[in-house]
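Reader: I would like a close look at one part of this protein, the nonpolar core. Please say what it is made of and how it sits in the whole.

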Amino acid sequence: MSEPGTNWSGTYRYRARTLDRPATIDDLREIVAVAARIRVLGTRHSFNDIADSDQLISLDALPSEVVVDSAAHTVTCNPSMTYGQLAAALNEVGLALHNLASLPHISVGGAVATATHGSGVDNGNLATAVAGLQLVTSTGDLVEARRGDADFDGMVVNLGALGVLTRITLDVQPRYDMRQVVYEAMRWDTLLDHFDDIMAGGYSVSAFTRWTGSADVWVKNRVDPDRSVESQPHQLFGAKAAVHDLHPVPGVDAENCTTQRGIHGLWSDRLPHFRMGFTPSSGDEIQSEFHVPRLNALAALRAVHGLTAAIEPHLLVSEIRCVAADTLWMSPQNGTDTVSLHFTWKPDAPAVDAALRLIETDLAPFAARPHWGKVFATDAATLASLYPRRDDFVQLADRLDPRGAFRNDWFERNLLGG
């Protein structure tokens, strides 16, 4: 056992006094079955208390075997693996995932539990790749479920509230290459006037901005293996392609970023913004994110742009991207294509709290759903109104966790209103 310490950014200190690392499933079951309140700690990339409890447990000592089922087109692994580690294993056998988040450093289980995502108008969040799972409940029982089973769509984005995820099965596809090009200083009015075309102009597209009049647009595309040479546009609606690699945060060295300038590379070396072998930043930051239905995108963007004077002094950068709809109960994309508005803040909690309240007030008319693992102020009643399967999820949690061992302050505050 050891002290849990802080989250990745150092902005949240876990209150749990112990962190257990069981080496076998049987050891894990014994720990869970007697724990009063317990949660799983992954790669510590949450910015709130979603992963905190009286007692914490890590899965990184459990067997890390990666099993490929070629017939089913799936891979099964330990959920504590990072996406970078899993990608390396898949590359060795010529396979890939459909998408990755900005950071390859996050754990598979944590990303799935919070519906963390990458980008792309046709790409679902990372949880949509889940084809099966195994978890240990608070009674020590081992439960397995596969896509198509009753309640499966409620078990995937589990918010850490159903049990300990011990194995996870994901859809895979043949390995592919990609390239990315960054278009610098696109005018804000141009981004809005051509928003749908810009977001649909690549397999994965992100616009980075400080809301002050322009944005850098990162366009990532798959490489057609049947074409030895592909032309790369030098302009995108007037914005010119960068001739040097850039960092999302203006003025920061791009050494830690994945290669740009249209140079071909493996999917795993282009879909993330940051390289696996490097710490993506100092971590001295706070993050928030809100998902707005695509139908409300332009109105929501204009609303936040109107807050520039109030939020820009506290902001490192914002990222705007699209994520496709899904059927997962507690996914922010449940039932609707979304536009994600991400905010990376300077580490000033009072200033961030004040900025968040302005943003959430102005986004309220547009049914904005917050990212579960980031900082938000949305109350439980509002969250319940935004998730039509919320009551079903709470009932599922009661059924799988009859002792309430996986409830924590975060769950009770945001799902129960306590």
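Author: What follows goes from the whole chain to the core. This is a predicted model, in which local features need pLDDT of at least 70 and side-chain atom pairs count only at pLDDT 80 or more, while totals for chains, interfaces and linings use all residues. Residues are numbered from 1 along each chain as its sequence is written, and side-chain values use heavy atoms, with hydrogens and water left out.

The protein has 12 helices and 20 strands (DSSP runs, H or I of at least four residues for helices and E of at least two for strands, numbered from the N terminus). Its C-alpha atoms fill a box of roughly 60 × 50 × 40 Å along the principal axes. Of the 418 residues, 56% count as buried, meaning under 20% relative accessible area with a 1.4 Å probe, protein chains only.

In soluble globular proteins, nonpolar side chains tend to be buried together. A nonpolar core is a set of buried Ala, Val, Leu, Ile, Met, Phe, Trp, Tyr and Cys residues joined through side-chain atoms within 4.5 Å. The largest one here has 109 residues, and Phe-343 and Trp-345 have the most contacts inside it. Leaving aside residues up to four places away in sequence, Phe-343 touches, among others, Trp-211, Ile-286, Phe-290, Val-304, Leu-315 and Ile-359 (a contact means heavy atoms within 4.5 Å). Polar residues touch Phe-343 too, including Gln-287, Ser-288 and Ser-318. A second, separate core has 12 residues, including Ile-31, Val-32, Ile-38 and Leu-59.

Across the protein, residues 24 or more positions apart account for 72% of the contacts with a separation of 6 or more.

Technical notes. Buried means under 20% relative accessible area, exposed over 50%, partly exposed in between (1.4 Å probe, protein chains only).
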